[in-house]
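These are my notes from a session with one structure. I looked up strands, one helix and the cysteines, in that order.

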Amino acid sequence: MTGEVIVYGAGGLGREVSQIVMAMPGARVLGYVDDGVPPGTERNGVRVLGGAEYLDSLNGDVSVVMGISDPDIKRNIFDKLSRDPRISFPSIVHPRAIVSEYASLGRGVVIVSGCIVSVDAALGFGVFMNMGSIVGHDSKIGDFCSLMPLAVISGNVKIGERCLIGAQSAILQGITVGDGCTVGMGAVVLRDVPDGATVMGNPAVAKSGSEGDVS
């Protein structure tokens, strides 16, 4: 990816994303868009340009990179921005990430330094991979998912949309994780996870009050 981009979100994750863009040859961050930070605020040498309405005021095409990890918030923002045909969502891959030439990346994917995406893995629209996370061969990660640092997805895993996979968690090969799930920090997932469930521990079990049980 080359050219100029705007990072949506000026929080900690957005600032990390801006550093990824700066590490890519030929890429440049124009600024942040953030609805909760005053325009003109500077974060690590990059200015906040305004809120979402700033994008409406621009003439011509614009590339936006998401700096938000919450899957539901991320989906809502992507859905809104996707209505504007001028806005595109490039995939951002840190030069020190390893991505197989046979992997498939959807629009708006962000991959941080130290990540690995293996052969024939597929990442959906808006997937975020934080530092050191791994996606094994033939695994499918659904739209708007976020993988936190050092999360390990083994081979032939299927993860639905809008899932949050916690730091240092691990998912056994061949497992299916449903839509809207949360895998807690350090969890070891050995069984399929139904839609909407939150699982924690080693071995991972459903948190009380979450939807469904780990079967």
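**Strands around E1**

I began with one residue pair: Ile6 has Val64 in strand E5 as its bridge partner. I noted that the model is a predicted one.

I then looked up the strands behind that pair. E1 and strand E5 (residues 62-66) run parallel and share 3 bridges. E1 (residues 3-8) also pairs with strand E2 (residues 27-33), in the parallel sense and over 6 bridges. To get from E1 to E2 the chain passes through helix H1 (residues 12-23), and I wrote down this β-α-β crossover as right-handed. I also noted that Tyr8 stands opposite Val33 in E2.

**The open sheet**

Next I asked in what order the 6 strands of the open sheet lie. I read the order as E8-E11-E14-E17-E20-E23, with parallel pairing. The edges are strand E8 (98-99) and strand E23 (188-189), each of which pairs on one side only.

I picked one pair from this sheet for a check. Strand E17 (residues 152-153) and strand E20 (residues 170-171) are parallel and joined by 2 bridges. Ile153 has Ile171 of E20 opposite.

**Helix H3**

Which residues of helix H3 (residues 71-81) are buried? I listed Pro71, Lys74, Ile77, Phe78 and Leu81. Viewed down the axis of H3, these buried residues fall within an arc of 130°, so they line one face of the helix. I added a reminder from general knowledge: an α-helix has 3.6 residues a turn, so residues three or four places apart point the same way.

I also looked at the N-terminal end of H3, which is capped by Asp70. A side-chain oxygen of Asp70 lies 3.1 Å from the backbone nitrogen of Asp72.

**Cysteines**

Last, I asked how many disulfides there are. The count is 0. Cys145 is in no disulfide, and its nearest cysteine sulfur, that of Cys163, is 4.4 Å away.

Why is there no bond at Cys163? The closest cysteine sulfur, in Cys145, is 4.4 Å from the sulfur of Cys163, which is too far for a bond, because a disulfide needs the two sulfur atoms within 2.5 Å.

I then checked whether each of these cysteines is buried or exposed. Cys145 has 0% relative accessibility, so I entered Cys145 as buried. Cys163 is also at 0% relative accessibility and therefore counts as buried. The cut-off I used for buried is under 20%.

Conventions:
Residues numbered from 1 in each chain as written. Predicted model: local features only at pLDDT ≥ 70, side-chain atom pairs only at ≥ 80, totals over all residues. Heavy atoms only, no water. Pairing = 2+ DSSP bridges. Helix = DSSP H or I, 4+ residues; strand = E, 2+ residues; numbered from the N terminus. Buried < 20%, exposed > 50% of the residue type's maximum accessible area, 1.4 Å probe, protein only. Arc of directions from axis to C-beta. Polar contact = N/O pair within 3.5 Å; in protein donor to acceptor, adjacent residues only side chain to side chain. Right-handed = clockwise from strand over helix to strand, strands pointing away.
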